[in-house]
Amino acid sequence: MYKYQSSKNSGAKSWVFQRISGLALVVLMIGHYILMHYHPDSGHTYDAVLGRMQFSWYRIIDLVFLTLGMYHGLNGIWGIFRDYNLKPWLKISVLTSLFILGIAFVAWGYNIIFSIPYLRNITLN
Amino acid sequence: MPEDTGKIRKFDQKEWIKENISYHKDSGSWAWIYHRISGLALIGYLFLHVYSLSTLTAGREAFETKMKAFTTPFFMALEWVLFIFVLFHSLNGIRIVLVDWADGARYHKMLYKVSWIAGIILFLVMGYIMFSHEILKLFGK
Ligand code: HEM
Ligand code: HEM
């Protein structure tokens with residue numbers, strides 16, 4: 001999929017980030033899917049989540065996953081809008097809406113992870 | 001994203017829904033359409049996912065009440081179906097990156113076929129991972 005564009009803001013950076021975040025997401029998403037399904041309980045019970053959340057590195061993986069996934073997905077949607085040569089005011093409205101949506105859901109997701117208690121005092125593990 | 005197949009044809013991205021319904025397609029435009037649909041499905045799922053995980057903040061009871069709905073056979077099957085989107089978007093995404101950065105334009109058609117074969121195998125393997133416990137239960141362990 002080649003894209004040739006010639007304005008100052010060519011979108012080349014977001015094109016590169018789309019590919020890099022995509023590659024990171026291959027590992028994160030497929031890993032997540034296996035982890036959540038190797039046993040029927042592992043993806044669907046509170047205890048399984050609580051158990052994982054005792055390891056801070058696991059929380060960090062989730063936060064990175066959420067951030068990259070949101071960025072990649074919303075940037076992808078923005079890419080679709082870019083196909084349509086929108087009027088400037090529409091462009092700004094769409095971009096702002098996507099941005100707010102992303103920030104809101106990332107904040108919500110972070111809040112979820114941080115709200116899960118540590119059962120014992122464990123530092124980085 | 002018209003593909004170089006010898007005949008010259010313009011693929012109109014703005015009319016992608018119409019293009020999807022129209023009759024002339026080669027593997028390249030199919031891949032592109034599926035990539036878009038699977039990407040939209042995944043980001044849609046991610047929103048729903050965060051929403052349904054939000055009961056985690058309310059503790060065990062709230063979360064498990066919500067999750068009960070998602071452990072019915074119907075939703076288990078849906079989770080398997082979702083994996084089709086995950087697989088297509090992942091494998092085709094890798095193919096796109098190879099085409100862009102690793103001279104994949106020379107072998108992208110072969111890659112596309114290999115991706116389908118790998119995808120079908122991985123889909124079945126995931127089916128086994130997801131349902132082996134249930135199947136074994138059916139036969140009394
Ligand atoms: C498995 C890892 C993934 C890889 C390798 C990957 C790769 C890619 C690439 C390379 C593109 C750009 C296509 C182009 O510029 O023509 C793209 C687009 C997109 N991706 Fe992903 N992606 C992955 C995961 C995800 C996830 C988790 C989501 C949703 C949260 C997502 C949503 C999207 C969307 C909405 C688009 C835009 C589709 C379009 O422009 O037609 N992707 N992906
Ligand atoms: C249907 C299969 C899936 C199940 C059963 C599942 C289950 C879960 C569970 C239980 C969590 C809680 C945190 C944890 O234990 O790590 C979680 C978190 C998460 N999942 Fe999934 N997941 C599935 C598919 C996906 C897919 C396809 C994506 C990518 C689009 C995804 C993205 C995430 C993210 C980003 C988080 C972190 C959320 C946060 O930080 O609040 N999941 N998942």
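This is a short group-meeting talk on a predicted model with chains A and B and two ligands.

Okay, thanks everyone. One thing up front: what you see on the screen is a predicted model. Let me begin with chain A, then go through the ligands, and finish on the surface of chain B.

Chain A has 125 residues, and 42% of them count as buried. You'll find 4 helices and 0 strands in this chain. Reading from the N terminus, the order is simply α-α-α-α.

Now, ligand 1. Where does ligand 1 sit? It lies between chains A and B. There are 23 residues around ligand 1, and the closest ones are Arg19(A), His72(A), Arg36(B), His89(B) and Ser90(B).

Let's look at the polar contacts there. Arg19(A) puts a polar side-chain atom 2.6 Å from an oxygen atom of ligand 1. From the other chain, Arg36(B) also has a polar side-chain atom 2.6 Å from an oxygen atom of this ligand. Then there's His89(B), with a polar side-chain atom 2.8 Å from a nitrogen atom of ligand 1. The elements giving two or more residues to this shell are H1 and H3 of chain A, plus H2 and H4 of chain B. Which element gives the largest share of the shell around ligand 1? That's H2(B), with 7 residues. By class, the shell around ligand 1 splits into 9 nonpolar, 11 polar and 3 charged residues.

On to ligand 2. This one, too, lies between chains A and B. Ligand 2 has 22 residues around it, and those that come nearest are His32(A), Arg52(A), Tyr58(A), Asp62(A) and His49(B).

Again, the polar contacts. A polar side-chain atom of Arg52(A) is 2.9 Å from an oxygen atom of ligand 2. For Tyr58(A), an N or O atom of the side chain is 3.0 Å from an oxygen atom of the ligand. And on the chain B side, the His49(B) side chain has an N or O atom 2.7 Å from a nitrogen atom of ligand 2. As for the elements that give two or more residues to this shell, chain A brings helix H1 (12-37), helix H2 (46-52), helix H3 (56-82) and helix H4 (88-115), while chain B brings H2 and helix H4 (73-101). The largest share, 5 residues, comes from H1(A). The class count for ligand 2 is 13 nonpolar, 6 polar and 3 charged residues.

Last stop, the surface of chain B. There's a nonpolar patch here, formed by Trp30(B), Tyr34(B), Ile37(B), Trp116(B), Ile120(B) and Leu124(B), and together they have about 560 Å² of accessible area. Two elements of chain B give two or more residues to the patch: helix H2 (27-53) and helix H5 (108-138).

Let me pick out Leu124(B), which is found in helix H5 of chain B. Is Leu124(B) buried or exposed? It's exposed, because its relative accessible area is 52%, and exposed means over 50%.

Compare that with Trp80(B), which lies in helix H4 of chain B. Trp80(B) counts as partly exposed, because its relative accessible area is 24%. How far apart are Trp80(B) and Leu124(B) in space, C-alpha to C-alpha? The distance is 9.6 Å, although 44 residues separate them in sequence.

That's my tour. Happy to rotate the model if anyone wants another look.

How values were computed: Residues numbered from 1 in each chain as written. Chains lettered and ligands numbered in written order. Predicted model: local features only at pLDDT ≥ 70, side-chain atom pairs only at ≥ 80, totals over all residues. Heavy atoms only, no water. Patch = residues over 30% accessible without salt bridge, like charges linked within 9 Å, V, L, I, M, F, W, Y side chains within 5 Å. Areas by Shrake-Rupley, 256 points an atom, 1.4 Å probe, with all protein chains shown as cover. Salt bridge = Lys/Arg side-chain N within 4 Å of Asp/Glu carboxyl O. Buried < 20%, exposed > 50% of the residue type's maximum accessible area, 1.4 Å probe, protein only. Near = heavy atom within 4 Å. Polar contact = N/O pair within 3.5 Å; in protein donor to acceptor, adjacent residues only side chain to side chain. Nonpolar A, V, L, I, M, F, W, Y, C, P; charged D, E, K, R; others polar.
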